[in-house]
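User: I'd like to see how the labels on this model are earned. Can you take me through them?

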Amino acid sequence: MTTPNPRHPITWTTNPKRVRVQAAGHVIADTADALTLNEAGYGPVQYLPRRDIETGFLSPSPKVTQCPYKGAATHYSILIDGALIENVAWSYEDPLLAVEAIRGRIAFYPDKVEVYEVDEEALKHHQRT
C-alpha cells in the first residue's frame, strides 16, 4: 500500500451544502454531513455517512476493488422499483490510516445515480415566493 503524496494527493473537506442521492426518482440519501474527497486528477467524490442513507435499498455486491491509497472497497447494488442497479456505491470498511475520515461513509457512482448538492438558500427563497 502507498500513502497519498505530492504525486498522488488526496484531500477532503466538509461539504458546506446538503448532498442528495436519487435513484429511479427516489431520494435514497440526504445529508448535511458529506465529505468531498479530491484525489489526484479524478473528479470530486461525495462520501456520505451511512446514517443518512436509506441502506435498506443497498445490498453487498461480490465486487471488491483495491486502491493502493485507500484500501479495499466493498461495493453495493440497489434494488429499487423492481430494478437492480449493480455496483452503484462503494465503501472503505477498513481504510488506510491516511484516509481514515472516509470510514463509515458510502460514495455513489454518479453515472448510475444522481448525486447533487442542494442550494438551501435558493430552496428557502423559492418556498417563500
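Analyst: Here is how some residues, a core and a pocket get their labels. This is a predicted model, where local features need pLDDT of at least 70 and side-chain atom pairs count only at pLDDT 80 or more, while totals for chains, interfaces and linings use all residues. Residues are numbered from 1 along each chain as its sequence is written, and side-chain values use heavy atoms, with hydrogens and water left out.

User: Why is Ser 61 called buried?

Analyst: Buried means under 20% relative accessible area, exposed over 50%, and partly exposed in between, with a 1.4 Å probe and protein chains only. Ser 61 has 12%, so buried it is.

User: And why is Thr 3 called exposed?

Analyst: Thr 3 comes out at 52%, so the label is exposed. Thr 3 sits in the segment before β1 (10-14); strands are DSSP runs of E, at least two residues, numbered from the N terminus.

User: What makes the link between the side chains of Ser 61 and Asn 87 a polar contact?

Analyst: A polar contact is a pair of N or O atoms within 3.5 Å; within protein, one must be able to donate a hydrogen and the other to accept it, and residues adjacent in sequence count only if both atoms are side-chain atoms. The Ser 61 and Asn 87 side chains pair up at 2.5 Å. The Ser 61 side chain also reaches the backbone nitrogen of Lys 63, at 3.1 Å.

User: Which residues make up the centre of the largest nonpolar core, by contacts inside it?

Analyst: Leu 58, Ile 78 and Phe 108 have the most contacts inside this core of 17 residues. Such a core is a set of buried Ala, Val, Leu, Ile, Met, Phe, Trp, Tyr and Cys residues joined through side-chain atoms within 4.5 Å. Strands β2 (18-23), β3 (26-31), β7 (71-80), β8 (83-91) and β9 (105-108) each supply at least two of its residues. A second, separate core has 13 residues, including Ile 10 and Leu 35.

User: What makes the lining of the largest pocket 18 nonpolar, six polar and four charged residues?

Analyst: Ala, Val, Leu, Ile, Met, Phe, Trp, Tyr, Cys and Pro count as nonpolar, Asp, Glu, Lys and Arg as charged, and the others, Gly among them, as polar. Sorting the lining that way gives those 18, six and four. Among the residues closest to the pocket's centre are Glu 39, Tyr 47 and Trp 90, so by that scheme Glu counts as charged and Trp as nonpolar.

Key
Helices (H or I, at least four residues) and strands (E, at least two) are DSSP runs, numbered from the N terminus. On a 1 Å grid over the protein atoms alone, a cavity is a set of points where a 1.4 Å probe fits but cannot get out, and a pocket is an open set with protein on both sides within 12 Å along at least five of seven lines; lining residues have an atom within 4 Å of a point.
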